[in-house]
Amino acid sequence: MKDASAEEIREDMEMYLKYARVAYVQMLKDVLPSSDYVIDGTKELEEKIEEIKKIILSI
């Protein structure tokens, strides 16, 4: 968002807080506790692939 105006950033943050954050918090309560595995989407692709491979090979 380095090229976004202050107004665009404010609007995006408002939308995040109004919709996306609510969905994220609900997921933490309802989905995450019953999940067998969770892959951190912020990791590099190769790290995610290796983590998934380890999970598959351990089953």
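Trainee: Let's start with Leu57: is this residue buried or exposed?

Mentor: Leu57 counts as exposed, because its relative accessibility is 72% and the exposed class begins over 50%. Keep in mind that we are reading a predicted model. Leu57 belongs to helix α2, which covers residues 45-58.

Trainee: Where does Leu45 lie, and how exposed is that residue?

Mentor: Leu45 is also placed in helix α2. With a relative accessibility of 56%, Leu45 counts as exposed.

Trainee: How far is Leu57 from Ile9 in sequence and in space?

Mentor: The two residues are 48 positions apart in sequence, and their C-alpha atoms lie 43 Å apart. For another pair, take Leu45 and Tyr19: they are 26 residues apart along the chain, with 27 Å between their C-alpha atoms.

Trainee: Now the whole chain. How many helices and strands does it have?

Mentor: The chain contains 2 helices and 0 strands. Its radius of gyration is 17 Å, well over the 10 Å that the globule rule gives for 59 residues, so the chain is more spread out than a compact globule.

Trainee: What are the spans of the C-alpha trace along its principal axes?

Mentor: They come to about 50 × 30 × 5 Å. Burial is worth reading alongside: of the 59 residues in the chain, 2% are buried. The chain exposes about 5,400 Å², and 60% of that area comes from carbon and sulfur atoms.

Trainee: How do I check the length of helix α1?

Mentor: Compare an expected span with the one in the model. The 25 residues of α1 should span 36 Å at 1.5 Å a residue, and the end C-alpha atoms are 34 Å apart, which agrees.

Trainee: Where is the kink in α1 centred?

Mentor: On Leu17, where α1 has a kink of about 40°.

Trainee: Leu17 brings me to the surface. Which residues make the nonpolar patch?

Mentor: Met1, Ile9, Met13, Tyr16 and Leu17 make a nonpolar surface patch of about 490 Å². Met1 sits in the segment before α1, and Met1 is exposed, with a relative accessible area of 58%.

Trainee: Let's turn to charges. How many salt bridges does the structure hold?

Mentor: There are 4 salt bridges in the structure. Let me take you through some of them.

Trainee: Which residue forms a salt bridge with Glu7?

Mentor: The partner of Glu7 is Arg10, and the closest N and O atoms are 2.7 Å apart.

Trainee: Why can residues three or four places apart in a helix point the same way?

Mentor: The general idea is that an α-helix has 3.6 residues a turn, so residues three or four places apart point the same way. In this structure, Glu7 and Arg10 are 3 residues apart in helix α1 (residues 6-30), a separation of about one helical turn. Both are partly exposed: Glu7 has a relative accessibility of 39%, and Arg10 has a relative accessible area of 41%.

Trainee: What is the spacing between Arg10 and Glu14 in helix α1?

Mentor: Arg10 and Glu14 are 4 residues apart in α1, again about one turn of the helix. Arg10 forms a salt bridge with Glu14, the closest N and O atoms being 2.8 Å apart. Glu14 counts as partly exposed at 46% relative accessibility.

Trainee: And which side chain does Lys43 meet in a salt bridge?

Mentor: The side chain of Glu51, with an N to O distance of 2.9 Å. Lys43 is partly exposed at 32% relative accessibility. Glu51 has 22% relative accessibility and also counts as partly exposed, because the buried class is under 20%.

Trainee: Which residues are joined into one network by salt bridges that share partners?

Mentor: Glu7, Arg10 and Glu14 are joined in that way. Arg10 is the residue to look at, with a salt bridge to Glu7 and another to Glu14.

How values were computed: Residues are numbered from 1 along each chain as its sequence is written. This is a predicted model: local features need pLDDT of at least 70, side-chain atom pairs count only at pLDDT 80 or more; totals for chains, interfaces and linings use all residues. Side-chain values use heavy atoms; hydrogens and water are left out. Buried means under 20% relative accessible area, exposed over 50%, partly exposed in between (1.4 Å probe, protein chains only). Patches are made of residues with over 30% relative accessible area and no salt bridge: like charges are joined within 9 Å, nonpolar side chains (Val, Leu, Ile, Met, Phe, Trp, Tyr) within 5 Å. Accessible areas come from the Shrake-Rupley method with a 1.4 Å probe; for residues, only the protein chains shown count as cover. The expected span of a helix is 1.5 Å times one less than its number of residues. The bend at a residue is the angle between axes fitted to the seven residues ending there and the seven starting there. The radius of gyration is taken over C-alpha atoms; the globule rule is 2.2 Å times the number of residues to the power 0.38.
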